[in-house]
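Work through the exercises below with the coordinates open. Each task is followed by a solution in steps.

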Amino acid sequence: MTTTKKTALCGVFTGLSLALMWTLSVIPWMDYTAPALAGMLVFVLILHLNWRWAAAVYVASSVLTALLLPNKSIAVIYILLFGGYPLLRHALQTLPKWLAWLCKFAAFNAAMVASYYFAVLLLGIDMMADFGWFGRFAILIVLAMGNLVFLLYDAIILATFELIYRKRWRKRLQHLLK
């Protein structure tokens, strides 16, 4: 595939990720789903092209989501977690599994804590104000549930998606882009 076609494909994927997050930002319960789906586009580019092209799409879509999305929390979740996670996952594949999982969970928890403090300190959103005394424990419960969902996202969704992509979609996409 020529560099021109790769650049065009990356532009299309950048636009798709922005459009996906823009349309899903109007649905309140899609705050985590929209960035996760947009991160899958980065994952496809890693599998189809390489990590450099996928990183370019991640950077471009991160800048565009930060500037253009009305819901900044979706942009923060994409930038800190779901957009860059496929790149991290790809980089950690050469490590032993236990060390890779340790690094993945460390990165996830750091992103969750950073996004919480971003929301509290910069956006002025006090997410635990409505919970009263339970608010002190709610952040730990949310973090524990987030780790469980992250485990499912990585082990089931991304692994299954990678398998399906490699077996069914890769040849079709390569045939279309010749």
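**Exercise 1.** Which helix supplies the largest share of the lining of the second largest pocket?

Solution. The model is a predicted one, in which local features need pLDDT of at least 70 and side-chain atom pairs count only at pLDDT 80 or more, while totals for chains, interfaces and linings use all residues. Residues are numbered from 1 along each chain as its sequence is written, and side-chain values use heavy atoms, with hydrogens and water left out.

Step 1: fix the terms. On a 1 Å grid over the protein atoms alone, a pocket is an open set of points with protein on both sides within 12 Å along at least five of seven lines; a cavity is a set where a 1.4 Å probe fits but cannot get out; lining residues have an atom within 4 Å of a point. Helices are DSSP runs (H or I, at least four residues), numbered from the N terminus.

Step 2: list the lining. It consists of R89, L92, Q93, L95, K97, A100, W101, K104, D154, A155 and A159.

Step 3: assign by helix. Helix 6 and helix 7 each supply at least two of these residues, and helix 6 gives the largest share, 4 residues.

Step 4: add volume and class. The pocket holds about 220 Å³, a volume being the space filled by probe spheres set on grid points joined across faces, edges and corners. Its lining has 6 nonpolar, 1 polar and 4 charged residues (nonpolar: Ala, Val, Leu, Ile, Met, Phe, Trp, Tyr, Cys and Pro; charged: Asp, Glu, Lys and Arg; polar: the others, Gly among them).

**Exercise 2.** Is D154 buried or exposed, and which side chain does a polar contact join to that of D154?

Solution. Step 1: D154 lies in helix 7. Its relative accessible area is 2%, so D154 is buried (buried is under 20%, exposed over 50%, partly exposed in between; 1.4 Å probe, protein chains only).

Step 2: a polar contact of 3.0 Å links the side chains of D154 and R89 (N or O atoms within 3.5 Å; within protein, one must be able to donate a hydrogen and the other to accept it, and residues adjacent in sequence count only if both atoms are side-chain atoms).

Step 3: beyond four places in sequence, D154 is in contact with Y85, R89, W101, K104 and A159, where contact means heavy atoms within 4.5 Å.

**Exercise 3.** What lines the largest cavity?

Solution. Step 1: there is 1 cavity of 30 Å³ or more, and the largest cavity has about 40 Å³ of space.

Step 2: Y32, V76, I77, L80, L81, A111, M112 and S115 form its lining, of which 7 are nonpolar, 1 is polar and none is charged. Helix 4 contributes the largest share, 4 residues.

Step 3: take M112, in helix 6. With 13% relative accessibility, M112 counts as buried.

**Exercise 4.** How many residues make up the largest nonpolar core?

Solution. Step 1: such a core is a set of buried Ala, Val, Leu, Ile, Met, Phe, Trp, Tyr and Cys residues joined through side-chain atoms within 4.5 Å. The largest has 40 residues, and those with the most contacts inside it are F13, M21, V42, L45, L87 and Y153.

Step 2: the largest share, 11 residues, comes from helix 2.

Step 3: outside its neighbours within four places in sequence, L87 touches V42, I46, W51, A54, A55 and Y58.

Technical notes. Helices (H or I, at least four residues) and strands (E, at least two) are DSSP runs, numbered from the N terminus.
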